[in-house]
Number of protein chains: 2
Amino acid sequence: MRPAQAVLAGERLALARLLTQVENDTPEGRAALDELFPHTGRAHLVGITGSPGTGKSSLVNQLALLFRRTAGETPALKVAIVAIDPSSPFSGGALLGDRVRMRDLSGDPGVFIRSMASRGALGGLARSTAAVVQVLDAAGFNIILIETVGAGQSEVDIARLAHTTIVVEAPGLGDDIQAIKAGILEIADILVVNKADRPGVENTERALRSMLELANPGRASTGEGPAEGWTPPLLRTIASAGEGIEAVAAAVQAHEQHLKAAGRWRERDIARLQNELEVLVRETLFARWKNTLSEEHYASLLANLHERKLSPYQVLEEVTKSIGNKSMSEE
Amino acid sequence: MRPAQAVLAGERLALARLLTQVENDTPEGRAALDELFPHTGRAHLVGITGSPGTGKSSLVNQLALLFRRTAGETPALKVAIVAIDPSSPFSGGALLGDRVRMRDLSGDPGVFIRSMASRGALGGLARSTAAVVQVLDAAGFNIILIETVGAGQSEVDIARLAHTTIVVEAPGLGDDIQAIKAGILEIADILVVNKADRPGVENTERALRSMLELANPGRASTGEGPAEGWTPPLLRTIASAGEGIEAVAAAVQAHEQHLKAAGRWRERDIARLQNELEVLVRETLFARWKNTLSEEHYASLLANLHERKLSPYQVLEEVTKSIGNKSMSEE
């Protein structure tokens, strides 16, 4: 059986193996992605982001447990967790979180956990995350929780990938955290103040509320912020004690309903696919360009740069001068 | 006077204006960068990174003050601070930090502070940071302190840009911070435990030391980690009280001596320029490609993606099929 077929048939080992193939961008992985692609587009992609120390991982675990438990009369939702761990760009990492998770979630066939470490390659993580999420979507997981640590570009990338973005904060994380929040708020569909039993929770909430109000006018016009007509709820949790998780899960499902009713589900799907395509195009064009340069020629150009004989723009001009607009496409 | 000449002549207003030009990647900015490029390569580029709440900004301010004060008999070192603030990818930000800084450093003509907000564009921040640093280098700043918040890709980018990378930690920032450290350590030339008057400082130091030992074997072979023969010192500071700053400044200067003695200064310069060139090439190739597509055609491709009629790889194949290796360059 081909890998894609085995994944569609629900084989976990085949799924794990295929995820490694697509992470490594092998020809087999690409072929399987093509085969699986018609089966994608059904999962609810939920991004969870926030600074280190906010307890994101605990919250993600609790959400996964809750989505499994609250199945009611319908078949239980299948939940996948993609933990994007930028901790070790050079050697790979993402092991600690897994071990903690395994205690609670292991053995449940309706849960699949995948950790990914940033490879340090520009565009690499964005490409491989999109691919991993597609495989899990095709494999029938209904909710895919995508967790990242960090501030900045990674949050923006999550907002582009996910239908719903949860931003997690915690009281008392330090003095420069205020500045961070202002930007993160712009991508938040749901705000969670975790560790709400800590001192300072009222201050954190107050700061978030006033920033939410500030952020509101600018958001609607960017098209990338939260959907119009949706006011991001601000929720308290104590994930380590399992408190407040129901309200977060309910907000996730309310946001899905909102997006679908407002026609934004389709918009976010298209925006995500466009972003994925453009990452692929960038990488492909660059790889082909690099193939055209001999190592000796490239080394001599770099030596000229180092000696300040040629500027980066002058080298750029030289190495791309034959690439006119007409030769770039048949259009 | 052309902008580049005014900058070389030390005019601060011209410098501020040119930085805006190069951040916005205008033709004037590119022309000035070409003109200034022969004057670059002299500054010591020092990256400072760490999670929110570690007090990086205070440390950077204190280092700048110290470098200004410890001039001794020689002319004082000119210091520039580039604060890369990913806080607001959509609307721009980076104002709070500035205001705090101005109290201590404003009015000193030997200090120049520039805040940059991530634009949310892939490769955009890397390109504009490299350009801003080049202008400041040409303008005669001896030490350029480049500060980023966050974990992950931004640290890797700093390590590629800087000669010396300082990683700042602080006690008690939370439970998932351990996982972060493991990766950040691999890019650290100097480790600082700031807020060393807080409880838990011994635990933080112990964890860092054991991770340093673990990280050592892998580092030498990657070529991107700290230079061989250099053991990253682990230093305590209380930046808010100005304590421990001298030792950090001394380590920065010792690392510069080490790099120059070991021939790694040149290597890092070439690696930085190569990275900068490749960012430019990626952006240029992508922009030219996008120009070749009509809006209607692109919209129809995206609709096919959304309807799962074509996979991203199939669209990629179609939109890049005419770009053969031969047409990409005259090589």
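# Exercises on strand pairing and helix packing

Opposite A:Val192, strand E7 of chain A places A:Leu235. The model is predicted: local features require pLDDT of at least 70, side-chain atom pairs count only at pLDDT 80 or more, and totals for chains, interfaces and linings use all residues. Residues are numbered from 1 along each chain as its sequence is written, chains are lettered from A and ligands numbered from 1 in the order in which they are written, and side-chain values use heavy atoms, with hydrogens and water left out.

**Exercise 1.** Determine which strands pair with E6(A), and in which sense.

*Solution.* Helices (H or I, at least four residues) and strands (E, at least two) are DSSP runs numbered from the N terminus. Two strands pair if DSSP finds at least two bridges between them. Four bridges link E5(A), residues 164–169, to E6(A) in the parallel sense; in this pairing A:Val168 has A:Val192 as its bridge partner. Three bridges link E6(A) to E7(A), residues 234–236, also in the parallel sense. In a regular strand the side chains alternate between the two faces of the sheet. From E6(A), A:Ile190 and A:Val192 point one way, while A:Leu191 and A:Val193 point the other way, and all are buried (under 20% relative accessible area; exposed is over 50%, partly exposed in between; 1.4 Å probe, protein chains only).

**Exercise 2.** Describe the burial and the bridge partners of E5(B).

*Solution.* Six of the six residues of E5(B) are buried. B:Thr164, B:Ile166 and B:Val168 point one way, and B:Thr165, B:Val167 and B:Glu169 point the other way. E1(B) runs parallel to E5(B) and is joined to it by five bridges, with B:Val167 as the partner of B:Thr49. E6(B) is likewise parallel to E5(B), through four bridges, and B:Val192 stands opposite B:Val168.

**Exercise 3.** Check the length of H10(B) and state what covers its buried residues.

*Solution.* The expected span is 1.5 Å times one less than the number of residues. For the 17 residues of H10(B), 245–261, the expected span is therefore 24 Å, and the end C-alpha atoms are 25 Å apart, which agrees. Among the buried residues of H10(B) are B:Ile245, B:Val248, B:His255 and B:Leu259. Their cover (contact means heavy atoms within 4.5 Å) includes strands E1, E5, E6 and E7 and helices H4 and H11 of chain B. After H10(B) comes B:Gly263, with a positive phi near 75°.

**Exercise 4.** Classify the packing of H4(A) with H10(A), and of H11(A) with H12(B).

*Solution.* Two packed helices are described by the angle between their axes and the distance between the axes. Axes are lines fitted to C-alpha atoms, for helices over the stretch in contact, and angles run from 0 to 180 degrees between N-to-C directions. Angles under 35 degrees count as roughly parallel, over 145 as roughly antiparallel, 65 to 115 as roughly perpendicular and the rest as oblique. H4(A) and H10(A) pack at about 75°, with axes 10 Å apart; these helices are therefore roughly perpendicular. Residues of H4(A) in this contact include A:Leu59 and A:Phe67, and those of H10(A) include A:Ile245 and A:Val252. Between the chains, H11(A) and H12(B) pack at about 110°, with axes 9 Å apart, and are therefore also roughly perpendicular. The residues that meet include A:Arg266 and A:Leu277 in H11(A) and B:Tyr298 and B:His306 in H12(B).
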